[in-house]
Structures are given as structure tokens and as C-alpha cells.
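Subject: Structure handover

Hi,

Here is the structure I promised to pass on. My notes follow below it.

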Amino acid sequence: MKLSLPDCLSPYRRPGTVRTEREGPVLRVELNSPATGNAVTEAMLDDLLAVLAVPDPDVRVLVLSGAGDDFCLGGDRGEFADWLDHDPTGRGIRIAGDKARRVCEALSTSQVVTIARIQGKAIGAGLALALACDLRVGADTAGFRLPELALGLPTAWGGVLPRLIHEVGAARARELILTGRAFDAAEAYELSILQRIVPEDSLDAAVTAWAKPVVRRPEAALRVTKALLNSYAAPTRLADPSVLDAELMATVAAATRRSRDAGGAGTVRQGPSPRSSPA
């Protein structure tokens, strides 16, 4: 029987950007802005934090998914530009960047097993959210990209860089970031960004196949095992200065804006972009 999420776990400032559903020990968390390709806004980050910051002790598995055709097309570039218009020093970017880091940390350090269910595109911030999860299954038609450099930004959102290097290796991460090229599900699997590929209509079955054995594990053993996995993974990342991500993003974005406004050389010029375009 499906149960609604307890009221104590849904104190959202703006209901609707994230939809939750509880089914026994499995909590499904869906990015719920399909019209924008689930572009990540500050409101969405607040809603995710509202769910993740108050863990339910009876939940063993959290499934992160996206409504509509795409998992997540990245950050909302329109909101990003609005922040710079309001404060050219990038204060709004710093605030949202800190929230992004807290969301990704909550996913990666949670005591529950987190599963990313990926269809369509996972770009920029969307890929960062997926990488923060323990297990990642993607449709065979899924696509991925890290376009930040082409947009005049560093790859500094939610701690994505150390996680990417840890999962795929420094050389491959370097190539994906510097070229910003798109890659498909087969390559994502080869790089361990995905651990399983299935036809899109089999995504739910694949998630269930992973969740079923997990929810049967003794709670204490599962909790300690997650803690051990996180502890042993941390040293292999060598360094994880993700606390600086928000500052780096804001500083570079502000400098890029100043250079663009002054007509500086080397600035990437782009035409008008929709609010939901990937970032």
C-alpha cells in the first residue's frame, strides 16, 4: 500500500518543485518541473533540503528521479542571470551554491541507500545530483554533458568535481570537462557513471530490483555499511574542497559578466537563452 509522506517531512517553501511518495521503506523523490526539464532553482534546492534534512528512520532506500522527458537539464540560467543583475558580486550564486553542496552531501552521506533513476538528459547540475547517489541506473537513450566551461563557469556545483574524479578517474574527467562534449548511456556505463543500463520502460523494474534486497537488510548493518563505504571512499578522493564551490562559481560568474559587459576578449558570447536551458 502506498503511503503519503508524513507532514513533518514536507515543510516546503514553494510546494511543487519536488514531489515525494512513500512506499513502505522506499521514499521516492521526484524533481517536479517537467516544463523546464527539471532545471534546478533555488526553490528546488530548498525543497530537496526540506526532505533530506529530516530523515525518516523507517526509510531504507531513497529514489531520486525527474518528471517528464528528462532527469535534469541543469541549473536555471535565467535565475542565475537574475542573481547577477541584482548583485553583480554574485551573492545569490554563493547562497544557492552552498545549498547545492548541502543537497549533494545529504544524498551521498545519507544512512539510506540512494538510487538515481535517469531518463533523457542529465546535464550539469543534473549530473551532479546523480553522481551524489550510491546507485545509478539510466535508460539506454539517456545523455550526459558537463557544459559549464563553455558557459564561462567553473565545474563547481555541489561537489561534482571530486565525485567525478573519484568515480571515473582524473584523465577521463579532465577530457569530459575541458571539451564539454555530450556522451551517451553506453559511455556513461563504461565510465561507471551508470552502474546499469536498461530500456526506458524498464527503469522502474531496475530500481525495484536494487531496492528489494536492500530493504531486507538489518537496519543497523545497513547503516554501518553505508558509513563504512563513505569513510573509505573519502580518502581516495585525495582532496574535496567542495566547500569552496559556491565561492568559486560566484567569483568566476561575476568576472565573466564584467568581461562580457566590457566586451572583453575571450568571452563566450551567446544569444538569448531560455530559463530552463542547461547550465
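Which side chain meets aspartate 134 in a salt bridge? The partner is lysine 226, at 2.9 Å from N to O. Please keep in mind that this is a predicted model.

I'll stay with that pair for a moment. Aspartate 134 sits in the loop between α4 (125-131) and β6 (135-139), and lysine 226 sits in helix α9 (residues 219-236), so the salt bridge ties together parts that are 92 residues apart in sequence. Lysine 226 has a relative accessibility of 4%, so it counts as buried. Aspartate 134 is at 23% and counts as partly exposed.

**Overall picture**

The protein has ten helices and nine strands. It has 279 residues, and 51% of them are buried. Take the contacts between residues at least 6 apart in sequence: 74% of these join residues at least 24 apart. The exposed area is about 13,000 Å². Carbon and sulfur atoms supply 57% of that area.

**Other salt bridges**

The count comes to 16 salt bridges. Two more pairs deserve a look.

Lysine 99 pairs with glutamate 42, and their closest N and O atoms are 2.7 Å apart. Lysine 99 belongs to helix α3 (residues 91-109) and glutamate 42 to helix α1, so this pair ties together parts that are 57 residues apart in sequence. Are the two partners buried or exposed? Lysine 99 is buried, at 14% relative accessibility. Glutamate 42 is buried too, with a relative accessible area of 19%. The cut-off for buried is under 20%, so glutamate 42 qualifies at 19%.

Arginine 117 forms a salt bridge with aspartate 204. The closest N and O atoms are 2.8 Å apart. This pair links distant parts of the chain: arginine 117 is in strand β4 (residues 113-118), aspartate 204 is in helix α8 (residues 203-215), and they are 87 residues apart. Arginine 117 counts as buried at 16% relative accessibility. Aspartate 204 is partly exposed, with a relative accessible area of 44%.

There is also a network of salt bridges. It links Arg172, Glu175, Arg181, Glu187 and Glu190.

**Surface patches**

Which residues form the negative surface patch? They are Asp69, Asp140, Glu200 and Asp201. Aspartate 69 is in the loop between β3 (61-66) and α2 (77-86). Its relative accessibility is 67%, so aspartate 69 counts as exposed.

A nonpolar surface patch covers about 330 Å². Val224, Leu228 and Tyr232 make it. Valine 224 lies in helix α9, the helix that also holds lysine 226. Valine 224 is partly exposed, at 44% relative accessibility. As background, an α-helix has 3.6 residues a turn, so residues three or four places apart point the same way.

**Helix α5**

Helix α5 spans residues 160-168. Its buried residues are Val160, Pro162, Arg163, Leu164 and Val168. Just after α5 comes glycine 169, with a positive phi of about 100°.

**Backbone angles to check**

Most residues other than glycine have a negative phi. Two residues here go the other way.

Where is asparagine 38? It lies in the loop between β2 (26-31) and α1 (42-52). Its phi is positive, near 60°, and the residue is not a glycine. At 0% relative accessibility, asparagine 38 counts as buried.

Serine 192 is in the loop between α7 (185-190) and β9 (196-198). Its phi is also positive, at about 70°, although serine 192 is not a glycine. What is its relative accessible area? The value is 36%, so serine 192 is partly exposed.

That covers my notes.

Best wishes

Note on methods:
Residues are numbered from 1 along each chain as its sequence is written. This is a predicted model: local features need pLDDT of at least 70, side-chain atom pairs count only at pLDDT 80 or more; totals for chains, interfaces and linings use all residues. Side-chain values use heavy atoms; hydrogens and water are left out. Patches are made of residues with over 30% relative accessible area and no salt bridge: like charges are joined within 9 Å, nonpolar side chains (Val, Leu, Ile, Met, Phe, Trp, Tyr) within 5 Å. Accessible areas come from the Shrake-Rupley method with a 1.4 Å probe; for residues, only the protein chains shown count as cover. A salt bridge is a side-chain nitrogen of Lys or Arg within 4 Å of a carboxyl oxygen of Asp or Glu. Lys and Arg count as positive and Asp and Glu as negative; His and the chain ends are not counted. The place of a charge is taken as NZ of Lys, CZ of Arg, CG of Asp or CD of Glu. Helices (H or I, at least four residues) and strands (E, at least two) are DSSP runs, numbered from the N terminus. Buried means under 20% relative accessible area, exposed over 50%, partly exposed in between (1.4 Å probe, protein chains only). Contact means heavy atoms within 4.5 Å.
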